[in-house]
Amino acid sequence: MSRSMDLSYILNHLGEDRERYFGAVAPPIVQSSIFAFPSVAKMREGFRDELGRHVYTRGNNPTVEILRRKVAALEGAQDCLMFGSGAAAMSAGAIACVSGGDHVVCVARPYSWTRAVLRDLLGRFGVTTTFVDGTDASNFESALTDRTRLIVLESPNSMTFEQQDLAAVATLARERGIRTLCDNSYATPLNQSPLALGIDLVAHSATKYLNGHSDVVAGALCGSAELIGQVFRGPYMTLGAILAPHDAWLMIRGLRTLPIRMQRIAATTAAVLDYLQAHPRVRHVYSPRASANPQLALTERQLHGASGLLTIELDAPDVAAIERFCDGLARFLMTVSWGGYESLAFPVCAVYPQDAPLHPAGALPLSLVRLSIGLEDADVLIADLEQGFARL
Ligand SMILES: Cc1ncc(COP(=O)(O)O)c(C=O)c1O
């Protein structure tokens, strides 16, 4: 977060110019694709700075701009671009940093579509990617080649929560003129500040905590004015994966309560974590703050507060038992994604056929269930889990 601005100012006032719209407390949704000019000279000025002025909504829109300024300030960034999804934000960040023949080093087990854009999409255009275990920063150094232009990080990741030492990776990248891009969706800007640790670009699936209400798919990319300008003139304007003004307005509304949602989620998650760590039918709990996490020291140093994601490995004899546990949950909704007001359960076994082995070679065990803790009372969630365990 920008240290010169307090959080309430960013969330309640920054970017909002109420005198320009009748003193309305909530900003207008500027539902216009184009903006007209009174003279050729003014239009020329607009073209000279499409990111800063209002010409065409694929470039910049006043409602989206309010959100851009708030998210940039939260990340302590000079600028931010909003996208129509987190996947678009990650893709644009990566595409802006590489050309055919370049090499990327990416942390092992990133979000699946981050892997896909690097390996499958950019791979088709002659970019190669090496995936490394990021829990040891020296693995990044060992994987570098003279064509490495980008290091892609996700700390923690969103299933098993391995972290990378962001300052160490940023230092080794900067010494070699390599760009770094970090997915900060899990932590939110409140709990981790990758730019302050030397990372160049920070991406968010704003679909998750930043919006927080499971009603918008959005992405954000934050960095220096120079780098964001490069992304803007490149993949942002060419691929056109923008956030619509109405979705930006919903996101501004969601963002207003980010700190209070995160406080509540952190407290409830701590209670659920204690319950799960002591439960006889839980083999393992994955969380940056789990007592068995070998990276607890890094958690303490790098990750302030906590988020509401944790993954449990059930002590289940077969997939049918996992299904009984999940099907029995009444308060946790069973679905993908995370970060909303409502608690969710995502069973890994749902992406496999029912007769798949519990421990597929080279993949995560099917007995993992990821939980996203929302805004319900802790005892309601614990009671729900308890009756799920009873069916196991
Ligand atoms: C860690 C992480 N990064 C990026 C994404 C992609 O975001 P979106 O779904 O908003 O495109 C997700 C989505 O689940 C995610 O979990």
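These legends walk through several close-up views of one predicted model.

**View 1. The chain is assigned two domains.** Let us start with the overall layout. Domain 1 is made of two pieces, 7-30 and 61-255, while domain 2 covers 258-391. Taken over C-alpha atoms, the centres of domain 1 and domain 2 are separated by 26 Å. How many residues does each domain bring to the contact? Domain 1 supplies 35 residues and domain 2 supplies 34 residues.

**View 2. Seven strands make an open sheet.** Follow the strands across this sheet and you will meet them in the order β1-β7-β6-β5-β4-β2-β3, with mixed pairing. Which strands stand at the edges? They are β1 (79-83) and β3 (128-132); each has a single partner strand, so one side of each is left without a neighbour in the sheet. On average, and ignoring direction, neighbouring strands here are turned by 20° against each other.

**View 3. Strands β6 and β7 pair up, and helices lie on the sheet.** Look for β6 (residues 201-205) beside β7 (residues 219-223): the two pair in the antiparallel sense, over four bridges. To find one of these bridges, start at H204, whose partner in β7 is A220. Helix α3 (residues 62-75) lies across β1, β6 and β7, and runs at about 125° to β1. Helix α5 (residues 112-121) also packs on the sheet, where α5 touches β2 (103-107), β3 and β4 (148-154). The direction of α5 makes about 140° with that of β3.

**View 4. Helix α3 meets helix α10.** Here α3 comes back into view, this time with helix α10 (residues 245-255) as its companion. Their axes come within 8 Å and cross at roughly 40°. That angle makes α3 oblique to α10, because angles under 35 degrees would be needed to count as roughly parallel. Is the crossing left-handed or right-handed? For α3 and α10 it is left-handed. On the α3 side, the residues in contact are T63, V64, I66, L67, K70, V71 and L74; on the α10 side, they are P245, A248, W249, M251, I252 and L255. Sorted by class, this contact has eleven nonpolar residues, one polar and one charged.

**View 5. Helix α11 packs against helix α14.** Now we move to another pair of helices, α11 (residues 258-277) and α14 (residues 378-391). Their axes are 9 Å apart, and the packing angle is about 30°. With that angle, α11 is roughly parallel to α14. The crossing of α11 and α14 is right-handed. From α11, T268, A271, V272, Y275 and L276 take part, and they meet A378, L381, I382, L385, E386 and F389 of α14. By class, the contact of α11 with α14 counts nine nonpolar residues, one polar and one charged.

**View 6. Five strands make another open sheet.** This sheet has the order β8-β9-β12-β11-β10, and its pairing is mixed. The edges belong to β8 (282-286) and β10 (333-334); each has a single partner strand, so one side of each has no neighbour in the sheet. In which sense do β10 and β11 (residues 344-347) pair? They pair in the parallel sense, over two bridges. To get your bearings, look for M334, which stands opposite A345 in β11.

**View 7. Two backbone details are worth a closer look.** Which form does the peptide bond from S155 to P156 take, cis or trans? This bond is cis, with omega near -10°. You can find P156 in the loop between β4 and α7 (166-175). The other detail is at F22, which has a positive phi of about 60° although F22 is not a glycine. F22 sits in the loop between α1 (7-12) and α2 (40-48).

How values were computed
Residues numbered from 1 in each chain as written. Predicted model: local features only at pLDDT ≥ 70, side-chain atom pairs only at ≥ 80, totals over all residues. Heavy atoms only, no water. Axes fitted to C-alpha atoms, helices over the stretch in contact; angles between N-to-C directions. Parallel < 35°, antiparallel > 145°, perpendicular 65-115°, else oblique. Left-handed = near helix turned anticlockwise from the far one by under 90°. Contact = heavy atoms within 4.5 Å. Nonpolar A, V, L, I, M, F, W, Y, C, P; charged D, E, K, R; others polar. Pairing = 2+ DSSP bridges. Domains from an automatic or database assignment.
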